[in-house]
Amino acid sequence: MKNKIKTIIIVIVLLWLVAYFSAKLINSSLKENIVNDGIAVISIDGEITSNDNSGFFASGVSSNRIISDLDRANKNNGIKAVIIEINSPGGVVVGSREIVKAVKDMNKPVIALIRDVGASGAYWVASASDWIIADEMSITGSIGVYSSYLEFSGLLEKYNISYERLVAGEYKDVGSPYKRLNNKEEAMMQQKLNLIHELFIKDIAANRKMNEAKVRELANGFFYLGIEAKQNGLIDQLGGKKEAIAKAKELGKIKDGNLVEYKENP
């Protein structure tokens, strides 16, 4: 009899635990789905990657996750505006461009809020939004591309270590850290970077409705403080989250506004 009662108690406790943790897991989804006049807050915190960034040692922010969050906000009728909260130095070109496209595809107002850093690919994402707000001391812009790497050929020579080059295709090992680029290879690599930079400049000019020559002048790869970015037309307003919420209410025609933070479940 005692064993039977003990078994019943264990089963009840287990059922209660299952119900509790299930409620915890779906709680955020329920809040998201029943919200009215909602403002979605999507965070880009860290380097932008094209990976899923799952696992204990993952770092950066996956373009897949940001795109998924934007899609969820876009499909939710209760969400009326979106704030993208940016604290990122940029990242890979393809991942950044994927997020840019997702922002452009939104049918709701999108406000970019640059906090500490919104540079390179992260600024590219911000430029696709309807309104950019940045702290006056933030690091903004840095419209440029780089593909620098460490090269060890001199160190190998010093210790009498040779690089045995075996390739099928003359330029297959261009960029190998074990050999120097010759003049032709360096010119070829620079041409690729220039092409990406050109696309970057043209897209920023289109997104910001700026004169392309003006963007080209600003696109030297160096960053601007928020206050300088405002003077140069790279952002629309100086401020922080308070100002971003106010702008989201204005553009989304929202009276009160309920913030819904999109976060990755641990």
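Is Lys253 buried or exposed? Lys253 is exposed, with a relative accessible area of 76%. We'll come back to that residue further down. First, keep in mind that what you're looking at is a predicted model.

**The overall picture**

Let's start with the whole chain. The protein has nine helices and 10 strands. It is 266 residues long, and 37% of those residues count as buried. Now take the contacts in the protein with a separation of 6 or more: 70% of them come from residues 24 or more positions apart.

**Strand E5 and its neighbours**

A good place to begin exploring is strand E5, which covers residues 110-119. Is E5 mostly covered or mostly open? Seven of its 10 residues are buried, so E5 is mostly covered, given that buried means under 20% relative accessible area.

Next, look at who sits beside E5. Strand E4 (residues 79-88) pairs with E5 in the parallel sense, and six bridges link the two. In that pairing, Val82 stands opposite Val110 of E5. To get from E4 to E5, the chain passes through H3, and this β-α-β crossover is right-handed.

Strand E6 (residues 131-134) also pairs with E5 in the parallel sense, over four bridges. You can find two of the partnerships by eye: Ile111 has Trp131 of E6 as its bridge partner, and Ile114 has Ala134 of E6. The chain makes another β-α-β unit here, built from E5, helix H4 (residues 121-127) and E6, and this unit is right-handed.

There's also strand E7 (residues 139-141), which runs parallel to E5 and is joined to E5 by three bridges. Here the bridge partner of Val117 is Ile139 in E7.

Finally, E6 has a link to strand E9 (residues 237-238): two bridges join them, and they run parallel. In this pair, Ile133 stands opposite Gln237 of E9.

Here are the pairings side by side:

| Strand pair | Direction | Bridges |
|---|---|---|
| E4 and E5 | parallel | six bridges |
| E5 and E6 | parallel | four bridges |
| E5 and E7 | parallel | three bridges |
| E6 and E9 | parallel | two bridges |

While you have the strands on screen, one general point is handy. In a regular strand, the side chains alternate between the two faces of the sheet.

**Two helices side by side**

Now turn to helix H2 (residues 63-75) and helix H3 (residues 93-104). How do these two pack? Their axes are 9 Å apart and the angle between them is about 5°. H2 and H3 are therefore roughly parallel to each other, since angles under 35 degrees count that way. On the H2 side, the contact is made by Ser63, Ile66, Ile67 and Leu70, while H3 brings Gly95, Glu98, Ile99, Ala102 and Val103. Sorted by class, this contact has six nonpolar, two polar and one charged residues.

**Two residues with an unusual phi**

Most residues other than glycine have a negative phi. Two residues go the other way here. Ser120 isn't a glycine, yet its phi is positive, at about 50°. You'll find Ser120 in the loop between E5 and H4. Ser120 has a relative accessible area of 19% and so counts as buried, because the cut-off is under 20%.

The other one is Lys253 from our opening question. Its phi is near 55°, which is again a positive value in a residue other than glycine. Lys253 sits in the loop between helix H9 (241-252) and strand E10 (258-262). At 76% relative accessible area, Lys253 is exposed, because anything over 50% counts as exposed.

**Two residues in helix H6**

Helix H6 spans residues 183-208, and Glu185 belongs to it. Is Glu185 buried or exposed? Its relative accessible area is 4%, so Glu185 is buried. Leaving out residues up to four places away in sequence, Glu185 touches Tyr171, Val174, Lys179 and Arg180.

Lys192 is found in H6 too. With 51% relative accessibility, Lys192 counts as exposed, because the cut-off is over 50%. How far apart are Lys192 and Val145 in space? From C-alpha to C-alpha, the two are 10.0 Å apart, and 47 residues separate them in sequence.

Notes
Residues are numbered from 1 along each chain as its sequence is written. This is a predicted model: local features need pLDDT of at least 70, side-chain atom pairs count only at pLDDT 80 or more; totals for chains, interfaces and linings use all residues. Side-chain values use heavy atoms; hydrogens and water are left out. Axes are lines fitted to C-alpha atoms, for helices over the stretch in contact, and angles run from 0 to 180 degrees between N-to-C directions. Angles under 35 degrees count as roughly parallel, over 145 as roughly antiparallel, 65 to 115 as roughly perpendicular and the rest as oblique. Contact means heavy atoms within 4.5 Å. Ala, Val, Leu, Ile, Met, Phe, Trp, Tyr, Cys and Pro count as nonpolar, Asp, Glu, Lys and Arg as charged, and the others, Gly among them, as polar. Two strands pair if DSSP finds at least two bridges between them. A crossover is right-handed if, with the strands pointing away from the viewer, the path from the first strand over the helix to the second runs clockwise. Buried means under 20% relative accessible area, exposed over 50%, partly exposed in between (1.4 Å probe, protein chains only).
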